[in-house]
Amino acid sequence: MNHVTQAKVVQIVEHSKDIREYVLELEKERKYNPGSFVQLTLDLVTASDIWPDSRTFSIASYEKGVMKFIIKNVGFYTSKIFDELGVGNKCTIKYPFGDLFNKNSVNEKHLFIAGGVGITPYLSLVKYYELNNLLDNISLFYSAKYFNDLLHYGSLKEMLGERMEVFVTREKYSNCHNNRITVEDINRIADKETHIYLCGSKSFNQNYKEILIKNGYTKIYMDEWE
Ligand SMILES: Cc1cc2nc3c(=O)[nH]c(=O)nc-3n(C[C@H](O)[C@H](O)[C@H](O)COP(=O)(O)OP(=O)(O)OC[C@H]3O[C@@H](n4cnc5c(N)ncnc54)[C@H](O)[C@@H]3O)c2cc1C
């Protein structure tokens, strides 16, 4: 059963002109798995109301009391969020959704592949693996156009060290790969038993899903993004 609660914005971090991190304090909390996502609406409604226009966002945090979202302003509703949802304002969220996380496989090998804002669900997943001393079971490939586009680079690097590899595709940057993620990169880290997660734009996910299937990988997981 999904849970509906109102939430107040307590902080907004401006990562760039079109990417913001929203920190929300929930009126009523319930347990959720890392990697889950919510439906967020600007309307203030309850569970018994007809659910209004909303959009889907991954939960970027895994801690009690607050929930963080990283939102990229790409179209109609996200620009409405940027215009109308300020510090002190409220919105309504319905959650949790999604089944990226599987508790039965946490002791097996995972490769998380992120494109741009697609890093968001991994922020809560990596935190879960850290809290449970399981970081050795995951690797992260994080691809972005420019180094400065990388979100939470410092904290991810601190948790993952060499287990995180960064791919910067539109500029040369030291200590990063300066190319798109290739199948050779994936083969270097993964074998056919590795659980491979994909999160990026629709074309990013589609492209890597095809590459993975063509190369014999079967344990592929993704939540579709716009
Ligand atoms: C499981 C899941 C998790 C998600 N998590 C996040 C998250 O954590 N953060 C985040 O920012 N987003 C996330 N998204 C995506 C987010 O829900 C969408 O970005 C959002 O729905 C876009 O809504 P919008 O009304 O602003 O854009 P819309 O106006 O609905 O536009 C949607 C897309 O169409 C494109 N588009 C719009 N108009 C045109 C046009 N005329 N011609 C061509 N293209 C056009 C836009 O550029 C955009 O990419 C997630 C999606 C899913 C499914």
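**A walk through the fold, starting at a loop**

N133 sits in the loop between α2 (120–131) and β8 (138–144), and it makes a good place to step into this predicted model. Its phi is near 55°, a positive value in a residue other than glycine. That deserves a look because most residues other than glycine have a negative phi. N133 is also exposed, with a relative accessible area of 74%; the cut-off for that label is over 50%.

Where does N175 lie? You will find N175 in the loop between β9 (164–168) and α4 (183–189). Here too phi is positive in a residue other than glycine, with a value near 60°. At 78% relative accessibility, N175 counts as exposed.

Let us now step back to the whole chain. The protein chain contains five helices and 11 strands. Its radius of gyration is 18 Å, close to the 17 Å that the globule rule gives for 226 residues, so the chain is as compact as a globular protein of that length. If you line the model up along its principal axes, the C-alpha atoms fill a box of roughly 50 × 40 × 30 Å. Of the 226 residues, 48% count as buried. How much of the contact network comes from residues far apart in sequence, 24 or more positions? Among contacts with a separation of 6 or more, such residues account for 67%.

Turning to the surface, the accessible area of the protein chain comes to about 11500 Å², and 46% of it belongs to carbon and sulfur atoms. As for charge, there are 28 positive and 29 negative side chains, and the centres of these two sets lie 1 Å apart.

The aromatic residues offer a pleasant route into the interior. The structure holds 15 aromatic pairs. One of them joins Y32 and Y62 edge-to-face, at 5.8 Å centre to centre and with 85° between the planes. This pair links distant parts of the chain, 30 residues apart: Y32 belongs to the loop between β2 (19–26) and β3 (37–41), and Y62 to the loop between β4 (55–58) and β5 (66–72). Are the two partners buried or exposed? Y32 has a relative accessible area of 9%, so it is buried, while Y62, at 22%, counts as partly exposed. The dividing line here is 20%, because buried means under that value.

A second pair is made by F112 and Y197, whose ring centres are 5.0 Å apart and whose planes meet at 65°, so this pair is edge-to-face. F112 is in strand β7 (residues 110–115) and Y197 in strand β10 (residues 195–199), so the pair ties together parts that are 85 residues apart in sequence. Both partners are buried: F112 has 1% relative accessibility and Y197 has 3%. These four residues also appear in a wider cluster, in which ring pairs link Y32, Y62, Y95, F101, F112, Y122, Y128, Y129, Y197 and Y221.

Y95, one of the cluster members, brings us to another backbone feature. A cis peptide bond joins Y95 and P96, with omega about -5°. The bond stands out because most peptide bonds are trans. P96 itself lies in strand β6 (residues 90–97).

Two more residues round off the tour. L24 is in strand β2 and is buried, with a relative accessible area of 0%. What does L24 contact beyond its neighbours within four places in sequence? Its partners are A7, K8, V9, L40, G65, V66, M67, F69 and C91. By comparison, T46 is 22 residues from L24 along the chain, and their C-alpha atoms are separated by 17 Å.

Finally, look at helix α5 (residues 202–214), which holds Y208. This tyrosine is buried, with a relative accessible area of 4%. Not counting residues up to four places away in sequence, Y208 touches R180, I181, I186 and L198. How far is Y208 from V183, C-alpha to C-alpha? The distance is 8.7 Å in space, for two residues that are 25 apart in sequence.

Terms used: Residues numbered from 1 in each chain as written. Predicted model: local features only at pLDDT ≥ 70, side-chain atom pairs only at ≥ 80, totals over all residues. Heavy atoms only, no water. Helix = DSSP H or I, 4+ residues; strand = E, 2+ residues; numbered from the N terminus. Rg over C-alpha atoms; globule rule 2.2 N^0.38 Å. Buried < 20%, exposed > 50% of the residue type's maximum accessible area, 1.4 Å probe, protein only. Contact = heavy atoms within 4.5 Å. Areas by Shrake-Rupley, 256 points an atom, 1.4 Å probe, with all protein chains shown as cover. Lys, Arg positive; Asp, Glu negative; His and termini not counted. Charge placed at Lys NZ, Arg CZ, Asp CG, Glu CD. Phe/Tyr/Trp six-rings, centres within 6.5 Å; stacked < 30°, edge-to-face > 60°.
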